[in-house]
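Visitor: I would like a close look at a single part of this structure, taken slowly and in context. Please start with one hairpin and work outward from there.

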Amino acid sequence: MQLGRLALAAVASLSLLTGAMYQNAKKPKSLPLSLFAQAKASDFLGDKKCAECHDDVAANFVNSAHAIYMHAPGAPLDKQGCEACHGPGSFHVRDQDSVVISYKTISAKEVEDACLRCHGDLMKKPHWDSEAHARAGISCVDCHQIHPKENVNITGGDRGVVQKQVFAAVKPSNPLLKADEPTLCNQCHKAEVMKFRDNSHHPIPEGRMLCSDCHSIHPTNADRLKATSFKSKCVTCHQDIAGPFAFEHDPVAGWTGSGCTECHNPHGSNNPTLLKSFSRGLCLQCHTDKGAHHPGHTCWDAGCHVAIHGSNTNADFLSR
Amino acid sequence: MLAMATVFAQQAPPTQDQTKTDDQKDAQATPATPAPPKLNVDLGWSTWGLSGNENKFRQYATAPKGLFLKDASYGDTFSFLGKSDVLLDAKSPWQDDFLLGGIVRLNSGATKINASEQRNRFFSPDPSVLEGSERLTYQGGVQQKLTRDFGVSFQEKFDQQQQNFSAPYAPLNQKTRIWNADGQGTLWKDGFVDLSYTDVRYWDRTQALPDTNTQTWNAGAMQQIGDAFSLNASVARSLIRQPGVGTDKSSVDAWSAGGEWLIGDGTSLIGQMQNEKISLPTVQNAFDKMRDMAHARLVHNFGAGWSAQFGYSKLAIERVNADHTNVDNPTWHTYDVQITGRLSPSVRLTAKGSRETMQGTAQMETDDPLGLYWSNRWNGEIKLDATSDQINSYIVFGIHQDRNDARDVNVRNQNLTYGATFEVQPQLEFYVESSYDLWSGNTTDPSSPNLGQFFPDGTTFTAGGNWTVDEHTYVTANYTLFNTNNDNPLGLPDGNVRGNFFSGTVHYKTAAGYEFGLTFAPWQYSDRLYQGMGYSTGLIQLTARAKF
């Protein structure tokens with residue numbers, strides 16, 4: 001098996017390449033999140049106190065998309081300013097050896113607890129825990145960046161990740177993300193992102209789409225509560241194939257089966273129009289009796305099955 | 001963890017009257033460092049030459065030519081209805097492809113107004129001369145918090161598509177308008193409600209397809225009980241109207257219910273079910289009248305970075321014919337398992353697999369009465385990530401197989417992707433990645449040709465590097481290759497192709513903060529059987545960026 005040999009060679013290369021030993025970074029001490037419960041009003045010192053030492057961080061934070069929410073009228077004291085996320089400052093001032101709640105050192109679960117203190121209207125804790133990214137141990141700060149890395153404006157143009165971009169011309173992403181979406185997603189979903197380099201692909205590298213146009217990265221409470229799923233998300237843009245048609249290609253039209261992905265690879269393919277198979281081989285997977293039917297032609301040649309997504313005029317999809 | 005969450009739930013945060021005023025805090029918080037730039041202007045000059053097929057070169061987008069505004073963005077904060085800010089961004093305005101967008105947030109983010117416009121011009125890849133295609137989208141909306149935890153929103157989107165395809169496909173000239181109104185948030189302790197209405201209108205200006213209006217009402221509620229349990233339920237109704245077609249009105253009624261249960265610190269159980277009743281009186285051949293779906297998943301973390309998941313899904317359908325008499329009732333059962341953990345401190349393993357089986361029969365409603373759907377599907381994937389101080393490497397092997405027992409058809413796909421990033425020093429990094437797609441298809445049906453001839457293999461390779469030469473200069477380079485091997489018995493275009501794409505950029509940033517860039521990108525695409533599809537191009541682009 002060609003692929004088997006390739007896999008062996010790749011594993012061997014992997015082993016050789018990873019000769020150096022993994023070294024766990026020495027973690028600084030972090031104060032527990034339960035400090036919020038212990039804190040009195042006088043323990044919250046305000047942003048000025050933080051800025052006395054962390055003036056660079058404080059200056060950049062005004063560029064964060066988060067900044068505007070941090071002094072909302074009526075917000076309780078423990079949900080304002082730096083201390084909303086990092087805990088009451090007095091504990092930190094008293095114990096200089098410790099750090100405030102540090103999102104570099106606490107666990108994914110602790111990050112989740114901290115963020116959901118304010119974002120519970122987006123996701124409930126059991127709900128987030130049930131999502132695929134949480135199950136994989138991904139925390140909010142693996143993708144989101146609360147402090148901009150540079151002294152940049154709030155459009156989020158520079159995030160210090162330009163050199164590691166997967167595609168150079170991507171569409172602007174949410175300013176709260178650490179990098180553009182394809183670059184972020186590529187950290188784990190490398191095989192999927194690689195498909196966008198194929199000859200036929202959805203135009204993410206060209207900056208016309210984002211991963212989140214199709215994928216709900218962390219479905220919110222409201223997303224979870226949408227019961228309708230009777231057509232695939234593809235028809236949001238490809239409305240001309242949404243139907244319903246008088247003659248539905250029902251096993252693949254989204255009413256059963258995998259819908260569009262029965263025939264198309266949505267990320268990319270080396271066949272035209274994202275097809276899984278080339279030319280008439282695609283149809284012959286199911287229509288095995290049609291092998292000798294007009295040999296030498298594609299199934300969608302002129303005058304043939306040109307309305308394969310559904311037709312209002314012809315049961316054999318010969319016209320729209 | 002639960003104890004920690006309980007602490008949050010039980011805490012009584014200090015009240016506003018115990019605090020300093022916001023203005024007092026803001027005045028105190030003013031840092032000594034300079035104010036960040038508000039305006040970003042990125043100018044570009046670009047030229048490209050082309051020999052060969054312009055349709056293929058401009059399949060996805062059109063590179064600008066001459067002097068152009070690559071990017072202009074403005075961001076600022078101001079006081080109007082409380083703390084507010086504005087973000088405006090224009091990417092290559094007045095070019096074939098552009099994006100304009102803006103967002104204004106007022107009253108500490110309680111009100112959000114957004115709008116954007118995007119246009120793309122492109123071509124269908126074809127050896128013949130074709131008119132260009134265009135897609136133009138506008139969208140805008142407003143979100144308003146009514147309380148700290150409940151808000152309403154209204155969004156509207158227009159999507160105009162005018163596309164020209166190669167024969168035999170007729171051009172598309174269509175417009176879609178989507179309205180969405182939504183109210184969502186917490187109205188009682190640990191609860192959540194969502195009420196929404198979506199109206200989708202589709203107009204086909206070629207008159208080949210009927211105008212279609214889909215209205216969907218959705219209502220749902222979620223309740224968290226303690227820190228470890230939540231339940232949700234929702235109902236939805238969609239009405240689909242196609243004036244002048246059949247009985248004019250189709251509908252889908254759906255409900256769903258489910259929940260999540262954190263059984264312990266390391267274990268959770270998730271369950272969800274959904275039912276859809278579908279009425280499509282306009283459809284004159286087979287379709288699903290009813291669908292029942294159920295899903296359950298058990299997740300357990302063993303500690304030390306190891307976790308396992310077991311999932312089960314069921315889909316049962318009632319399929320009817322044109323006269324709405326029953327055709328068949330197939331049911332699919334899918335089992336999946338995933339194991340993740342660290343083999344050593346530097347190597348992480350993810351292995352997952354699934355199997356789907358069909359129970360009952362479903363037959364094709366043509367002159368071929370054999371089984372319709374795949375009767376078995378298998379998926380497997382194994383992934384290894386290895387990390388060291390300088391090298392991150394990975395290998396992913398996936399296998400997917402579909403089998404139709406009634407037709408004795410097998411289709412198999414194997415994919416191998418591996419790569420590595422090598423950080424020679426903090427300023428210099430190289431990466432390489434390779435992917436192989438191997439397909440096979442076969443059937444013992446004597447009337448069917450060799451299916452494998454139509455499942456081409458493909459190779460994709462990319463390599464590049466990033467080098468920060470000094471505090472002023474950095475260089476990026478990327479090379480991508482794809483290659484398809486196809487028996488292509490019909491001798492069609494796009495079957496046996498090879499693409500070579502190189503992009504290299506040198507960036508220079510002056511001490512005053514101005515940035516300059518020079519990009520060189522020679523691209524070459526060839527079709528070994530169809531010369532007319534190939535092209536060769538070289539792009540040169542100069543950019544200059546300033547921040548104010």
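Guide: The hairpin to start from is the one made by β21(B) and β22(B), which has two residues between its strands. Everything described here comes from a predicted model. Strand β22 of chain B covers residues 428-443, and β21(B) pairs with this strand in the antiparallel sense over 16 bridges. One position to look at in this pairing is Y418(B), which stands opposite S434(B) in β22(B).

β21(B), residues 409-425, also pairs with strand β20 of chain B, residues 391-404; that pairing is antiparallel too and runs over 14 bridges. One pair of partners here is D402(B) and V411(B), the latter lying in β21(B). β20(B) and β21(B) likewise form a hairpin, with four residues between them. In that turn, D408(B) has a positive phi of about 50°.

A residue that ties these strands to their surroundings is Y394(B). Apart from neighbours within four places in sequence, Y394(B) is in contact with Y418(B) and G419(B), with K383(B), L384(B) and D385(B), and with K190(A] of the other chain. Y394(B) is also listed, with V193(A), I204(A), I395(B) and V396(B), among the residues with the most contacts inside the largest nonpolar core, a set of 28 residues. At least two residues of this core come from each of α11 (181-186) and α12 (190-194) of chain A and from each of β19 (376-387), β20, β21 and β22 of chain B. The largest share, four residues, is supplied by β20(B). A second core, separate from this one, has 17 residues and includes A246(A), F247(A), F317(A) and A254(B). As background, nonpolar side chains in soluble globular proteins tend to be buried together.

F247(A) leads to another position in chain A. N314(A) is in contact with F247(A), A307(A) and S319(A), leaving aside its neighbours within four places in sequence. N314(A) lies in the segment after α14 (281-284) of chain A. N314(A) counts as partly exposed because 14 other C-beta atoms lie within 10 Å, between the limits of 12 or fewer for exposed and 20 or more for buried. D55(A) is 259 residues away from N314(A) along the chain, and the C-alpha atoms of the two are separated by 71 Å.

The domain assignment of chain A gives domain 1 (47-101), domain 2 (120-213) and domain 3 (228-311). The centres of domain 1 and domain 3 of chain A, taken over C-alpha atoms, are 55 Å apart.

The contact between the chains takes 118 residues from chain A and 165 residues from chain B. On the side of chain A that touches chain B, helix α1 (residues 2-17) gives the most, with eight residues. That side of chain A divides into 53 nonpolar, 37 polar and 28 charged residues.

Chain B, the setting of the two hairpins, has three helices and 27 strands. Of its 548 residues, 31% are buried. The C-alpha trace of chain B spans about 80 × 65 × 60 Å along its principal axes. Among contacts in chain B with a separation of 6 or more, 50% join residues 24 or more positions apart.

How values were computed: Residues are numbered from 1 along each chain as its sequence is written. Chains are lettered from A and ligands numbered from 1 in the order in which they are written. This is a predicted model: local features need pLDDT of at least 70, side-chain atom pairs count only at pLDDT 80 or more; totals for chains, interfaces and linings use all residues. Domain bounds come from an automatic or database domain assignment. Two residues are in contact if their C-beta atoms, placed from the backbone, lie within 7 Å. Ala, Val, Leu, Ile, Met, Phe, Trp, Tyr, Cys and Pro count as nonpolar, Asp, Glu, Lys and Arg as charged, and the others, Gly among them, as polar. Two strands pair if DSSP finds at least two bridges between them. A nonpolar core is a set of buried Ala, Val, Leu, Ile, Met, Phe, Trp, Tyr and Cys residues joined through C-beta atoms within 7 Å.
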